[in-house]
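Trainee: I would like a close look at a single part of this model, the packing inside it, and then at whatever connects to that part. Please take it in one connected pass.

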Amino acid sequence: MCKHNTPDGDYHPENPNRIKAIWNKLQAAGIPQRCVVLNAKEAKDKNLLSVHTENHVNLIKNISSKQFDSRRDRIASKLNSIYLNEGSSEAAYLAAGSVIEVAERVAEGELNSAFAIVRPPGHHAEPDEAMGFCLYNNVAVAASFLLNERPELGINKILIVDWDVHHGNSTQKMFWKDPRVLFFSVHRHEFGTFYPANDDGFYTMIGEGPGLGYNINVPWENGRCGDADYLAVWDHILLPVAKDFGPDIIIISAGFDAAAGDPLGGCRVTPYGYSVMLKKLMDFAQGKIVLALEGGYNLGSISNSVFACMNVLLEDKPVAGSSEAYPFESTWRVIQAVRKKISAFWPTLADELPTKLTSLKAPPAHMISSSDSEDEDTKVETLEAVLQVALSKLKVDDGHAELGTATPWRSELSKVDVFYASFGSNMWKSRFLCYIEGGQVEGMQKPCSGSKDRNPPKEILWKTFPHRLFFGRDSSHTWGPGGVAFLNPECDCRHKAYLCLYRITLEQFNDVLLQENVYSDDVSSPLFDTNDLNSVANKKAVSLEALKNGWYHNVVYLGKEHGIPILTMTCSLSAVGKFKSGEFPLRAPAPAYTNTLIKGLVEGKQLSEEEAKAYIHEASTKRL
C-alpha cells in the first residue's frame, strides 16, 4: 500500500509515511508480537461492486496500467482531491481487501477485534467516483460483505462509527436506506463550509425509507473540539442509541485527523480521548470491533493515537490522560439538536438534558477579536496588558466612534507616506477601504471601525514579489470559518505573490496594523513609528512585541517604490515553522474570503477570474 504515492514525488499529506510511522510505533512497543498479524489481501471485484459502480471499479482496476500512462494525471485532475500513480490500483484493492479480511475473521470469532492499518483511506469514495484521497470505500465494502455475502455468520446489524474529522459522505450514501446499518458520524461541518463542504453532514440528514433514523450526523459548528466534546457526544447520543440498536459488530472509520496537532483537522482529541471513545464502544457487540484507518496527517498524532487504541483492544493499562475540561457551548447546542431530531426513532433520547449538565461548558471556541487575527490564547481582558498602551477616551456621534482627543504622534506620522502591500483580502480595494473608512463588505462577519484619518489612498499600484503565499488558521472573526492569507516573510525566487500597494500615511498604517491584529481603538503611542521604519529597512522585518499575540505582527520591508518604503504585515518565521510542523493548521480559504481575493486580482487587472482561482488553489494546496 506504500506504492500509492504522488506521481511526481511532491509532498502530499496522505502519503506512505502514515502507515510506516504507525507500524514503527507499534513495533517499538512490542504490539505486533501480541497480535495475529495478517498479510494484506486484495478485494475481489464482486466485493467492490456491492457498493461501487462497474465503471468506477474498472477505472480504479486499470488506472495504474500502461494504457493509462498518458491519461492518468488528467483523470486525477478532474477528480476532487485525488492523485494517481502506477501503484494506486494495487493499493486500493489491498486496502479494501484487508478490511474485508479482518472484519470476516472478527465476525467468525477467530479474532476478538482488529485494526486494519491501510491506505488509501475510503470514507469519501463515492459509489461512482474517487474523492478526498479515497479510491474505494473500504469500510462500506467490508460491511456489505458481511451482510450480503456471509449471512451465515449471523451479522444482521452493523454499527459504523466514523470519528474522522471529515464527514463520511460516501458511507452515508451507501447505507442511506438500509436499516441493517446504523451509520454515525461526528465531524467538523461548520454549516457546510468544512470539507467535503456540503449539507450532507448536517444533523437533519437521517436516512430515507426503511433507513430513516439510521443515519446520525453530529456536525461541529467550529474547530478546536477535544476529548470533552467527543465524550459528551458518546455519552448523550451514541452510547444510548447503540444500546437500543444492539449491533452484532462495530466497524470504526478510524480517522485521526481530529487529533491535536493534525494539519488539516484543527481539533484537539488526545490519544487518551481516542482510547476512552473506543473503550466505551467495547461494551457492545461482545467486543467485536474492527478499526480501519481513514485520515490523520500528523505522523506523531496518528502513531500515538493508534497505539492508544491498540492498548484498549489488548486490554492493557490505558494511556495516561484526563478529561476534566468541559465541552463548548456549541457542542451542547449540537447535541441537543441531534437528540431532538432523532428522538422519534430513538426514544431513549427524548428527555431534555438537564441545565445543570449543559451549563458546564468551556469558553467559546473563538476568542473575541475584530480582526483576522485571533490567537487561541489571547483573552479579551488581557488586551491592554498585551498592548501596553493607554486607551484614549472615545465619544459616540451618530453611531460612529471617534477619537475624543488628538494624540501628538498622529500629527507627526501623518506627514510620512508608505506603501502598504496587501496579499490577502485587502487586495480588493473595497475591502481595504473598510480599514480606512470603516464598514464592511459582503462576507465579513462584522464591520471595521476604520482609521482616524479617513482619506483614501493617494496611489494604488500592483507588484509581484518572490514570496510564498499560503493559507492557514481555522477561522477568523472577520470572515468566520476558513483559512486566511499569510506571506512567508522569507524571500524565495521559486514563488511569485501578487500584492496590491496602497500609498497611505504611516499614521493610517498604524491603524491598519491595529485592526489587523487586535482591535480598533486608538492608542496613546504608535505601534510602528519612524524609528521602526528606519530599522526595518536594515533588518528587513520587525516583529512588534506589543502585538505579539496577533497573527500579523511581523512588519516586513519589501523595498521602495518612487523612493517610498513598501511594507507588508504577516506572521513571523517561527509561526511559519509551526504551520509546517502542523502545530498551526493550514487550511484553504472559505468561498466568501476567496471571492475577495479574486475580486482584487481581477479588478486590479492582474489575472483573469480563472487564473485567480488557480493562483489561490495552488497557494492553498501546495506543500509549505
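Mentor: Start with L567. In this predicted model, and leaving aside its neighbours within four places in sequence, L567 is in contact with V418, F419, Y420, A421, F509, F528, L533, V536, V555, V556 and Y557. Two of these partners, F509 and F528, appear again when the largest nonpolar core is taken as a whole: along with L499, L513 and L567, they touch the most other members of that core, which has 71 residues. Strand β15, residues 497–505, gives the largest share of this core, 7 residues. A second core, separate from the one around L567, has 68 residues, and F194, I206, W234 and C309 are among them. In soluble globular proteins, nonpolar side chains tend to be buried together.

From L513 the next step is N517, a residue of helix α16, which covers residues 506–517. N517 is buried, at 4% relative accessible area, and its side chain reaches the backbone oxygen of L513 at 2.9 Å. A polar side chain in this place therefore has a partner in the backbone of L513, while N517 itself falls under the 20% limit for a buried residue because its relative accessible area is 4%.

Two of the residues already named lead elsewhere. C309, in the second core, is buried with a relative accessible area of 0%. What keeps C309 out of a disulfide? The closest cysteine sulfur, that of C35, is 13 Å from the sulfur of C309, too far for a bond. C448 is also buried, at 10% relative accessible area, and the closest cysteine sulfur to its own belongs to C434, at 5.2 Å, again too far for a bond because the cut-off is 2.5 Å. The structure holds 0 disulfides.

W234, the other residue to follow from the second core, belongs to a cluster in which ring pairs link F115, W163, F184, W234, F256 and Y274. The count of aromatic pairs comes to 26. One of them is F202 with Y203, a tilted pair with 4.6 Å from centre to centre and 45° between the planes. F202 is partly exposed at 24% relative accessible area, and Y203 is partly exposed at 24% as well. The rings of F256 and Y274 have centres 4.8 Å apart and planes at 75°, so this pair is edge-to-face. F256 lies in the loop between β5 (249–254) and α9 (271–281), whereas Y274 is in helix α9, so the pair ties together parts that are 18 residues apart in sequence. Both F256 and Y274 are buried.

Rings also take part in contacts with charged groups. R71 lies over the face of F68, 4.3 Å from the ring centre. The charged end of R473 sits over the ring of F584, at 4.0 Å from its centre. R473 is buried, with a relative accessible area of 8%, and is placed in the loop between β11 (469–472) and β12 (475–476).

The backbone of R473 needs a note too: its phi is positive, about 75°, although R473 is not a glycine. Q286 also has a positive phi, near 55°, and is likewise a residue other than glycine. Q286 lies in the loop between α9 and β6 (289–293) and counts as exposed, at 73% relative accessibility. Two peptide bonds can be set beside these. R119 and P120 are joined by a cis peptide bond with omega about 0°, and P120 lies in the loop between β1 (113–116) and α6 (138–149). The bond from Y195 to P196 is cis with omega near 5°, and P196 lies in the loop between β3 (181–188) and β4 (215–220). Most residues other than glycine have a negative phi, and most peptide bonds are trans.

One loop residue remains, K548, between β16 (541–543) and β17 (554–561). K548 is partly exposed, with a relative accessible area of 47%. K548 and E609 are 61 residues apart in sequence, and their C-alpha atoms are 36 Å apart in space.

How values were computed. Residues are numbered from 1 along each chain as its sequence is written. This is a predicted model: local features need pLDDT of at least 70, side-chain atom pairs count only at pLDDT 80 or more; totals for chains, interfaces and linings use all residues. Side-chain values use heavy atoms; hydrogens and water are left out. A nonpolar core is a set of buried Ala, Val, Leu, Ile, Met, Phe, Trp, Tyr and Cys residues joined through side-chain atoms within 4.5 Å. Buried means under 20% relative accessible area, exposed over 50%, partly exposed in between (1.4 Å probe, protein chains only). Helices (H or I, at least four residues) and strands (E, at least two) are DSSP runs, numbered from the N terminus. Contact means heavy atoms within 4.5 Å. A polar contact is a pair of N or O atoms within 3.5 Å; within protein, one must be able to donate a hydrogen and the other to accept it, and residues adjacent in sequence count only if both atoms are side-chain atoms. Rings of Phe, Tyr and Trp (its six-membered ring) pair if their centres lie within 6.5 Å; planes under 30 degrees apart count as stacked, over 60 as edge-to-face and the rest as tilted. A charge sits over a ring if NZ of Lys or CZ of Arg is within 6 Å of the ring centre and within 35 degrees of the ring normal.
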